[in-house]
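This report describes selected features of a structural model, for use alongside the sequence and coordinates.

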Amino acid sequence: MNKSDWSDDPLRNQDADHGEHLQRSFARRAMLLAGITIAGVVGLFGRLFYLQVDRHEHYRTRSQSNRVRIKPLVPERGTIYDRHGRALTENILRHQVVVNPWQVDDLDALITELGGILPLSEEEIADFRTRYKRSRRYEFVVLKGSVNEAEHYRLAAVLYRFPGVAIEPTHERYYPYGSLLSHVLGYTNRINQKDLETLNPDDYHGLDSMGRAGIERQYEEALRGKPGFRQLEADVSGNLVRLLSEKPAVRGQDIYLTLDVDLQQRISDVMGDHRGACVALDPNNGEVLAMVSRPSFDANLFVRGITQRQYNRLLNHEHSPLYHRAVKGRYAPGSVIKPMMAMAGLHYGLYSQQSRVNCPGYYRIPDSSTKRRFHCWQRSGHGSLDMEHAIAESCDIYFYSLGYKLGVDRIHDYAQHFSLGEKTGVDLPDESSGILPSRAWKLKQHGSQWYIGDTINISIGQGFLTTTPLQLAQMTCIVANDGIVYTPHLLQQYYDPQVASFRAPPTIPGQQIPVYDAAAWRAAKHAMVSVMNSRYGTARRVGQGLDFTMAGKSGTVQVISFQDNRRILSKDLADEHQDNAMFIAFAPVDKPRIAVSMVVERGGGGSSVAAPLVAQVIDHYLHGSNNART
Amino acid sequence: MLAHDVHPREHWWQRFWRIDPWLAFVVVILLFGSMNVLYSAGGMALMINQGVRIVMALAVLLTMLIIPSAWLIRLTPVAYIGNLALLVLVLFVGVSAGGAQRWIDLGPLRLQPSEFAKITVPMMVAWWLTRQYRAPDMLDTIIAVVLIAVPVLLIRAEPDLGTAILTGVSGLVALFLAGLSWYLIIIGGVLVGIGVPLFWMFGIADYQRERVLTLFNPESDPWGSGYHIIQSKIAIGSGGISGKGYMQGTQSQLEFLPESTTDFVFAVLAEERGLFGVSILLLLYLLLVLRGLYLSASLTKRYARILCASFFFIIFINVFINIGMVSGFLPVVGLPLLFISYGGSALLAFMAALGIALNLLRSHQPMAEEEHL
């Protein structure tokens with residue numbers, strides 16, 4: 001080792017000759033590199049001499065004639081329509097006041113003078129100043145995003161006094177339905193510095209906003225269109241004088257959604273001041289007919305750039321209006337999963353349809369040392385019930401006993417087929433997968449083993465099990481549809497203005513669920529009809545007086561909070577003590593056309609609060625003029 | 001007898017005064033030049049941004065100067081392996097921009113690990129080949145080639161062709177300086193001669209091939225991939241001998257010239273300062289590289305002299321490729337002009353390299369002086 005050069009004790013040993021040899025060899029090679037460097041620099045100089053001296057005249061002429069400047073042409077964003085062709089977005093032509101920083105000498109004077117003609121808010125001025133500082137030469141900076149007609153004319157008349165100030169037309173996204181569709185559609189918003197680092201500049205040449213959430217973000221690429229450019233001739237000082245050629249911008253594609261605005265509006269009206277979510281699907285193809293999340297917000301606020309104060313108010317609102325409950329909200333499903341649990345019992349042959357369980361009002365885990373009693377919601381007990389009665393009367397004891405026999409592994413395996421615990425694959429960003437617990441999941445998340453009590457809890461849809469309203473609607477579809485699974489989707493078709501034709505996305509055929517069993521499905525559906533149409537069904541009052549047969553299942557879930565990170569404020573305590581009301585339903589029973597799930601946060605009883613609302617929604621859809629089918 | 005006895009133990013602040021004044025002078029002039037050009041090309045805010053980066057890079061340089069040189073040698077494998085880990089990491093958690101995934105996001109800071117490979121690769125090669133006090137044999141060479149190839153392929157996967165080439169070359173330069181046998185060099189040359197056509201056909205992306213092809217005929221696609229080269233040649237050529245004057249370059253000021261603050265900043269200088277200005281720039285780089293190579297040759301520690309010489313020669317390669325591509329006789333591979341272009345990572349990496357070089361050169365100069373006595 002002591003021969004090693006980098007040890008602490010080097011050099012001048014018996015290898016001195018060898019060392020000198022290496023040093024001389026190194027010096028020769030370094031000299032060679034120095035020679036290459038000199039040759040390279042001389043070569044570069046020669047190249048530059050050629051360009052700057054020999055060819056100088058040529059390039060000087062070209063630089064003088066090089067007055068062609070390229071201005072981007074901004075494409076108009078595609079419109080989003082509902083299934084009946086009603087426009088859900090509009091592009092409004094607006095005029096904005098822009099300033100070219102390099103033609104302005106005294107910025108403060110300009111702002112004061114313009115302030116006398118246009119009303120300029122403190123915020124607009126502050127915003128303008130920051131962007132002005134960052135701007136580059138010959139780049140316009142927006143002073144006021146939108147001027148009205150009166151302001152436009154007033155300014156246009158005196159514009160000659162302000163060199164470097166111009167009025168430019170621009171399109172602004174407008175959402176005519178306001179807060180009704182904000183969560184589904186999302187919104188467009190200004191492109192910020194962070195976006196610029198990741199997106200392809202060619203696609204966004206001249207564009208200053210992009211889709212942020214919902215459909216606007218999901219189909220950003222199609223909606224955006226392609227920017228074009230204009231070749232303009234400029235004089236030596238950069239002023240534009242003549243249009244040379246133009247490559248027009250390609251308008252974005254229109255998007256037709258499966259959504260029915262009428263139904264969406266109806267659901268929103270029916271839910272009134274309730275918080276929660278509602279999803280309506282067409283079981284025959286997985287089309288999303290409506291998707292409501294309440295409370296909502298006005299997407300138009302975001303378009304022009306929301307103020308920090310407005311944003312904070314939305315963000316810190318106690319009921320989180322920005323939160324898209326329909327696809328992100330994770331709720332314990334409660335009793336609405338009982339039909340599926342009953343089908344699991346039949347599938348694994350643990351119970352027949354006729355098997356009876358006695359409900360004394362409470363349940364004790366067999367062969368367990370714990371004396372804990374799990375209660376039925378009906379404290380006095382239901383007596384002896386078969387499967388149909390257990391679902392119709394929503395007896396908890398029947399399902400505790402069934403869940404105990406099934407065990408967590410089989411519950412997990414079976415429920416997976418109903419899209420619980422995984423994303424449904426809907427075409428919206430940031431869908432939540434909910435939680436379908438398993439032994440492995442609990443060990444990973446909570447670091448503890450699975451207890452039998454956990455199984456008892458999830459067998460009535462509580463405990464660790466959480467689902468999104470969309471997943472519940474999907475589960476309902478699968479039951480309604482005799483086990484044929486469609487991926488829920490919002491996109492119906494594109495309209496491409498370039499070729500003036502419609503283009504539908506590839507249709508994905510329905511997949512038969514592998515655990516399908518005709519008898520079990522028939523029994524579960526029959527029990528769900530009984531929920532609404534028998535003497536003993538929990539929602540029998542709602543079922544009366546409908547001119548179609550509806551199948552449903554209610555759920556009433558005691559909760560502490562729908563989001564774990566929310567703190568309970570003392571003034572909300574009374575409200576927080578309320579239960580979440582859940583309801584799933586489909587109709588008509590023989591040939592289902594709509595499947596609905598609804599969650600009403602802190603609403604109270606599922607059958608008393610949510611069920612009547614869902615009935616109204618379905619009634620509206622089946623009788624709506626646009627939707628009547630022969 | 002021992003050189004170290006002549007110089008009593010110094011404090012770290014005293015050692016600052018023994019850095020080579022010529023090298024320090026050239027770098028300071030280049031950095032001031034950078035601020036000057038960037039003000040014209042990108043405005044005040046951009047210049048201040050770069051100023052902040054320069055200050056940060058200087059801090060890194062000073063840190064490298066404080067570290068005792070023996071530590072630098074010992075920490076070499078650590079730095080190399082750490083760099084490899086980051087290069088792997090960036091492929092998984094890196095931030096993408098413009099189709100390449102090169103950055104690791106650390107909140108306010110964005111790290112580009114491939115830039116640091118240009119330093120750690122020659123360090124590792126020098127470290128490996130100086131473990132034995134002899135010229136590298138066959139096995140040493142093969143292992144050295146593997147040490148170079150792994151990071152190069154990782155960078156190639158991002159993809160970042162320019163940096164991959166430069167990293168590979170920096171490793172090979174270190175290998176050459178360590179005394180690689182001429183036979184192997186000739187064999188390698190023949191292999192490259194065979195490999196290049198194969199690489200052309202299978203190894204590079206379509207857009208890169210297009211860039212090379214438009215190099216020979218940029219007018220074939222004046223609004224597409226030829227645009228950069230045409231506009232930058234017009235900028236350089238129209239500058240003439242004396243230039244159009246500071247802030248007067250129409251090509252850059254009217255924004256015909258793309259990327260005028262980063263990769264194509266040389267064209268701004270050439271347009272506004274003419275052949276006169278660029279000659280001074282070339283002379284500064286020449287002085288920097290030759291002075292560095294000269295001082296390296298007088299070092300007695302093999303690790304130190306191999307590494308220093310590699311660093312300085314890589315500075316030349318970098319500058320040559322950049323000016324070559326901007327003036328239109330090399331393909332556009334996306335390399336900044338060292339010390340001048342706007343941007344943080346490359347500057348930071350080379351200032352760190354410079355710190356290491358100044359450190360190693362300084363600690364051995366007394367020996368060189370002693371020989372003159």
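How many residues lie between β22(A) and β23(A) in the hairpin that they form? The two strands are separated by six residues. The model is a predicted one, and the sections below treat chain A, two of its strand arrangements, and a cavity lined by residues of chains A and B.

## Overview of chain A

Chain A comprises 630 residues, of which 52% count as buried. Its secondary structure consists of 23 helices and 23 strands. When contacts between residues at least 6 apart in sequence are considered, 72% of them join residues at least 24 apart.

## Strands β21 to β23 of chain A

Strand β22 of chain A covers residues 580-587. All eight of its eight residues are buried, so β22(A) is largely enclosed by the rest of the structure. The burial extends to both faces: A:N580, A:M582, A:I584 and A:F586 are buried on one side, and A:A581, A:F583, A:A585 and A:A587 are buried on the other.

β22(A) has two antiparallel pairings to describe. With β21(A), residues 551-557, the pairing runs over seven bridges. Within it, A:G555 stands opposite A:M582, and A:T556 has A:A581 as its bridge partner. Strand β21(A) is itself mostly covered, with six of its seven residues buried. With β23(A), residues 594-601, β22(A) is likewise joined by seven bridges in the antiparallel sense. Here A:I584 is the bridge partner of A:S597. This second pairing belongs to the hairpin, with its six intervening residues.

## A three-stranded sheet in chain A

A separate description concerns an open sheet of three strands in chain A, ordered β4-β3-β5 and paired in the antiparallel sense. Its edge strands are β4 (141-147) and β5 (165-174), each of which pairs on one side only. Direction ignored, neighbouring strands of this sheet are turned by 35° against each other on average.

Strand β3(A), residues 90-99, pairs with β5(A) over 10 bridges, in the antiparallel sense. One of the partnerships in this region joins A:V97 to A:I167 of β5(A). Helix α5(A), residues 149-158, packs on the sheet and touches β3, β4 and β5 of chain A. The direction of this helix makes about 130° with that of β4(A).

## The second largest cavity

Rolling a probe the size of a water molecule over the atoms shows where empty space is left. In this model, nine cavities of 30 Å³ or more are counted. The second largest cavity has a volume of about 50 Å³.

Which residues line the second largest cavity? Chain A gives A:T37, A:V41 and A:L44 to the lining, while chain B gives B:L282, B:Y285, B:L286, B:V289, B:F316, B:V319 and B:F320. The elements that supply two or more residues are α1 (16-54) of chain A together with α13 (265-297) and α14 (302-326) of chain B. The greatest share comes from α13(B), with four residues. By residue class, the lining divides into nine nonpolar residues, one polar residue and no charged residue.

Note on methods:
Residues are numbered from 1 along each chain as its sequence is written. Chains are lettered from A and ligands numbered from 1 in the order in which they are written. This is a predicted model: local features need pLDDT of at least 70, side-chain atom pairs count only at pLDDT 80 or more; totals for chains, interfaces and linings use all residues. Side-chain values use heavy atoms; hydrogens and water are left out. On a 1 Å grid over the protein atoms alone, a cavity is a set of points where a 1.4 Å probe fits but cannot get out, and a pocket is an open set with protein on both sides within 12 Å along at least five of seven lines; lining residues have an atom within 4 Å of a point. Grid points are joined across faces, edges and corners, and a volume is the space filled by probe spheres set on the points. Ala, Val, Leu, Ile, Met, Phe, Trp, Tyr, Cys and Pro count as nonpolar, Asp, Glu, Lys and Arg as charged, and the others, Gly among them, as polar. Two strands pair if DSSP finds at least two bridges between them. Axes are lines fitted to C-alpha atoms, for helices over the stretch in contact, and angles run from 0 to 180 degrees between N-to-C directions. Contact means heavy atoms within 4.5 Å. Buried means under 20% relative accessible area, exposed over 50%, partly exposed in between (1.4 Å probe, protein chains only).
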